[in-house]
Structure formats: C-alpha cells, structure tokens
Amino acid sequence: MTTRISPPAAAPVSEKRVIGNVLRGSIGNLVEWYDWYAYAAFTTYFAKSFFPTTDTTAAFLGTAAVFAVGFLMRPLGGWMLGRFADRFGRRSALVLSVSLMAGGSLLIAVTPSYHTIGIAAPILLLTARLIQGLSVGGEYSTSATYLSEVATPGKRGFYSSFQYVTLYGGQLLALGLQLILQVILTEQQLTAWGWRIAFAVGTVAALAVLWLRRGMDESASFERESGGRTGKAAGERGTLRALVKYPKEIALVVGLTLGGTVGFYTFATYSQKFLENTAHIPRRQVTIVLFCAILVAAILQPLAGRLSDRIGRRPLLLFFGIGGTLLTVPLMTVMGSTRNPVGAFFLVLAGLVIVAGYTSINAIVKAELFPTKIRALGVGLPYALTVAIFGGTAELIAQALKSAGHETVFFWYVAGCVLVSLIVYGTMRETSKTSELEERPEER
C-alpha cells in the first residue's frame with residue numbers, strides 16, 4: 001500500500017484577497033443573471049421582431065418556447081461546464097461561462113428582424129438562447145463551487161450567499177433598466193429598437209467581467225487536488241463515472257433543491273404575473289412591488305448566510321421547510337385577493353423571507369457534500385436537472401391550473417414540494433460539521 005504525502009499547506013490567503021475573488025466571481029454571476037432575466041423582461045417588446053407580426057399571440061408563444069428551450073439547456077450546461085471546472089479549474093470555467101453569455105447576448109442584440117431575414121431570425125434567436133442556457137447552467141455550479149472554496153473558513157456561508165445576492169441583483173437590473181427605458185422611450189421606440197439596448201448593455205457588461213475574471217485566483221482546493229494535472233491527465237476527475245460513486249449526495253442535492261426552486265420561482269418570478277392576472281394590480285405597480293421586495297430579499301441573503309456560519313445550515317433549511325409548508329397556501333390565498341400594492345409588497349416579501357432559508361445557503365450546503373475532484377459537477381448537474389424539471393415548470397403548472405379553474409391547487413402543489421424537501425432537511429446531517437471543503441490529512 002502506498003502512502004500519499006500531502007504537499008505543504010499553502011499560506012493563508014488574506015481577507016482582502018478573499019473579498020477580491022468573491023467580488024469578481026459574484027459580479028460575473030450578476031451579469032449572467034441580468035442577461036438571463038433580460039430576455040423575460042423584454043419579451044413583450046421584441047417578440048414581433050423575431051416572429052411573424054400578423055399574430056401577436058403566436059409571436060409571444062414563439063418567444064416563450066425559445067425561453068423554455070433555453071431552460072432545458074441548463075442541465076447540459078451544468079454537466080459540460082461542471083466537468084470542465086473539475087478538470088481544468090474553476091477560474092477557466094468561469095471565464096468560459098461569461099464568454100458564452102456575452103456571445104449569446106450580442107447575437108440577440110444584432111440579429112435583424114423577421115421582416116428582414118425571414119426564418120433565419122427565430123433560428124438565430126434560438127441559437128443565442130441555447131448558448132445562454134449552457135452558460136447559466138454552468139455558471140451556477142462553477143460559481144457556487146468557487147465562492148465556497150475561496151471563502152475564509154468559518155465564513156463560507158456568508159461569502160457563498162453572495163451567489164443569490166447577485167442572482168437577485170441580475171433580476172433587479174433587468175427590471176430597473178426596463179423601468180428607465182419605459183420613461184425615456186415611447187412604446188413604439190421600445191418595440192422597434194429600444195429593446196436591443198438591454199442586450200447591448202449585457203454584452204458590454206459580460207465583456208468587462210471577462211476581463212475581471214482573468215485576474216481571479218484559482219481556488220486552493222482545486223490546486224491541491226489537481227497537482228497541476230488537467231485534461232486527460234486529470235483521470236476520472238469531473239467525470240460521470242466518478243460522480244455516480246456518490247448516489248446519496250446526488251439524492252440529497254435533488255431533495256434539497258426541489259422545494260427550494262419551486263418556492264423561489266413562485267415568489268420571485270411567478271408572483272409578478274399572479275398579482276397582475278389574479279389580484280388585478282396594475283402592471284407598473286406590480287413591477288415596483290416586485291422590485292422593492294427582491295431588493296430587500298437580496299440584502300437578507302448575506303445576513304442569513306452569516307447566521308448559518310454561527311448556528312449551522314440545517315436550522316435555516318428547517319425554517320424554510322416548515323415556513324414554506326405551512327404558510328405558502330395562506331400567503332398565496334391572501335395575495336390573490338389583495339388590491340393594495342403595499343399589502344402585496346409585504347406578502348411577496350414574506351414569501352421571499354421564508355425562501356431565504358434556502359437561497360442564502362443552498363450553494364454552500366451542496367458544495368460541502370462533495371470532494372474537490374467532483375464538486376463542480378456534483379453541485380451542478382443534479383441541481384440543474386431538478387431546476388429544469390420543477391423550477392422551470394412551476395409557472396406552466398400555475399397557468400394551466402388557473403386556466404382549468406383550479407388555481408388554488410397550485411398553492412398546495414408548492415407547499416407539497418416544500419414538504420418533500422422538509423423531510424430531507426429533517427433527516428440530513430449538518431454539513432458544516434462534516435464539510436468536504438475542509439482540508440483533511442487522509443486520502444479521500
């Protein structure tokens with residue numbers, strides 16, 4: 001039996017350096033999610049540019065279908081870039097993901113209209129969205145892994161929580177830019193060309209982040225694990241063959257994510273349409289309500305993450321699980337009958353506060369489950385599959401039940417999904433105490 005001699009421990013990284021790496025990783029995540037949400041925010045303006053203008057409903061359905069296909073690409077992105085990150089490094093994968101997003105946004109911004117190039121317009125839109133789906137699918141796993149690995153021990157919950165700060169931030173930027181453009185441009189200008197500004201901004205921002213990320217440090221965990229071996233020399237590192245050796249951890253990621261992703265998409269995105277179509281609050285007021293609620297939710301993420309460093313991850317997950325199971329139906333029922341924007345704000349915020357028990361720490365909990373050699377793929381692939389199946393279909397299920405006259409069934413569906421995750425939270429171990437992120441002397 002051979003004994004592996006561990007290399008000398010690296011010198012501790014200064015807190016200033018840690019903060020710099022976290023900022024570079026987080027800003028990139030913000031831009032990625034801005035580009036992702038910009039598509040949804042500006043769909044009503046650019047739909048007729050890419051599809052025949054004779055049928056507005058058909059144009060909207062076309063853009064919605066392209067959005068859904070982009071969502072389905074996220075598991076492929078989680079696999080491809082997760083594998084890439086485990087074999088070639090976190091920094092290289094993060095640079096690649098933001099490069100893909102820049103390319104996708106640029107393609108949308110410059111593609112001529114259907115009137116100009118015909119069927120090539122929707123084909124190019126689909127191509128761009130496929131690229132963006134790959135990018136955002138890989139961004140989650142790689143940024144979650146990177147932020148968790150570069151964080152100072154004892155503060156991993158705090159630093160990794162910035163992943164959802166920037167995720168919310170991307171949504172805020174898209175909504176904020178939409179509000180600004182609605183003020184300075186007419187409806188006709190926005191429909192004709194103004195919507196392209198949003199994707200041009202995303203392209204420029206992504207290129208700026210590309211430059212910033214090239215100056216990031218590689219995580220010490222990856223450097224210790226790889227020993228300079230990448231590509232074919234990496235062996236099974238980052239492969240599906242290696243991942244399937246962790247079936248319990250894969251199942252945990254699915255169980256952790258199921259209720260969280262359904263709860264997140266219900267309160268953070270579907271609530272906008274719910275308040276418009278069911279509560280009948282004017283669209284402009286709903287946009288402001290959602291913007292303010294998400295802003296507060298973003299501020300809560302690092303506070304909850306820091307709390308998890310003190311009391312553990314499970315208490316926060318249990319808070320989400322119990323709150324989501326018991327309060328989703330009452331909150332959604334009251335939200336559907338309110339006509340007061342202020343009341344709607346507090347109801348949406350209450351839902352997002354409950355969801356914060358999941359969103360603030362979901363990245364670190366998953367990263368703590370897997371060893372370095374398979375961490376990015378282990379975090380990314382099962383997560384992306386669960387989000388695509390449950391998070392991506394949440395709004396579709398809600399709209400279908402509403403059309404069938406059974407809208408309240410959706411409230412119970414969300415509560416039921418959270419209940420499944422609550423069972424997982426109640427039976428799982430405290431990951432902060434058995435974290436695979438902490439360096440251990442023995443061979444793994």
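Let me start with one pair of side chains, those of Glu407 and Lys402, which meet in a salt bridge with an N to O distance of 3.7 Å. Please keep in mind throughout that what we are looking at is a predicted model. Within this pair the two partners sit in unlike surroundings, since Glu407 has a relative accessible area of 15% and is buried, whereas Lys402, at 29% relative accessibility, counts as partly exposed.

That pair belongs to a wider set, because side chains of opposite charge can pair when their charged atoms come close. When the whole structure is searched, ten salt bridges are found, and I would like to take you through two others.

One of these joins the side chains of Asp217 and Arg17, at 2.5 Å from N to O. Asp217 lies in the loop between helix H10, residues 187-213, and helix H11, residues 220-226, while Arg17 lies in helix H1, residues 15-41, and therefore the pair ties together parts of the chain that are 200 residues apart in sequence. As for how open these residues are, Asp217 counts as partly exposed at 23% relative accessibility, and Arg17 also counts as partly exposed, at 39%.

The other is the salt bridge between the side chains of Arg375 and Glu149, at 2.6 Å from N to O. Here Arg375 lies in helix H18, residues 375-391, and Glu149 in helix H7, residues 120-150, so this pair ties together parts that are 226 residues apart in sequence. Are these two residues buried or exposed? Both Arg375 and Glu149 are buried. They are also part of something wider, in that Asp86, Arg90, Glu149 and Arg375 are linked in a network of salt bridges.

Staying with helix H7, I want to point out Arg129, which is found in that helix. Arg129 is buried and yet has no salt bridge, the nearest side chain of opposite charge being that of Asp35, 8.2 Å away. What Arg129 does have is a polar contact of 2.7 Å, which joins its side chain to that of Gln132.

Let me now turn from charges to empty space, which can be located by rolling a probe the size of a water molecule over the atoms. How many cavities of 30 Å³ or more does a search of the whole structure find? The search finds two.

The largest cavity holds about 40 Å³ of space, and the residues that line it are Trp33, Arg74, Tyr164, Leu167, Thr261, Phe264, Tyr265, Tyr358 and Tyr383. Helix H9, residues 162-184, and helix H13, residues 247-277, each supply at least two residues of that lining, and H13 gives the most, with three residues. By class, the lining of the largest cavity divides into seven nonpolar residues, one polar and one charged.

The second largest cavity holds about 30 Å³ of space, and its lining is made up of Gly263, Phe267, Phe320, Gly324, Thr328, Gly351, Ile354, Val355, Val414 and Val418. The elements that give two or more residues to this lining are H13, helix H15 at 314-337, helix H16 at 341-359 and helix H20 at 407-427. Sorted by class, the lining of the second largest cavity has six nonpolar residues, four polar ones and no charged residues.

If you take one element away with you, I would suggest H13, which supplies at least two residues to the lining of the largest cavity and gives two or more to the lining of the second largest cavity.

Key: Residues are numbered from 1 along each chain as its sequence is written. This is a predicted model: local features need pLDDT of at least 70, side-chain atom pairs count only at pLDDT 80 or more; totals for chains, interfaces and linings use all residues. Side-chain values use heavy atoms; hydrogens and water are left out. On a 1 Å grid over the protein atoms alone, a cavity is a set of points where a 1.4 Å probe fits but cannot get out, and a pocket is an open set with protein on both sides within 12 Å along at least five of seven lines; lining residues have an atom within 4 Å of a point. Grid points are joined across faces, edges and corners, and a volume is the space filled by probe spheres set on the points. Helices (H or I, at least four residues) and strands (E, at least two) are DSSP runs, numbered from the N terminus. Ala, Val, Leu, Ile, Met, Phe, Trp, Tyr, Cys and Pro count as nonpolar, Asp, Glu, Lys and Arg as charged, and the others, Gly among them, as polar. A salt bridge is a side-chain nitrogen of Lys or Arg within 4 Å of a carboxyl oxygen of Asp or Glu. Buried means under 20% relative accessible area, exposed over 50%, partly exposed in between (1.4 Å probe, protein chains only). Lys and Arg count as positive and Asp and Glu as negative; His and the chain ends are not counted. A polar contact is a pair of N or O atoms within 3.5 Å; within protein, one must be able to donate a hydrogen and the other to accept it, and residues adjacent in sequence count only if both atoms are side-chain atoms.
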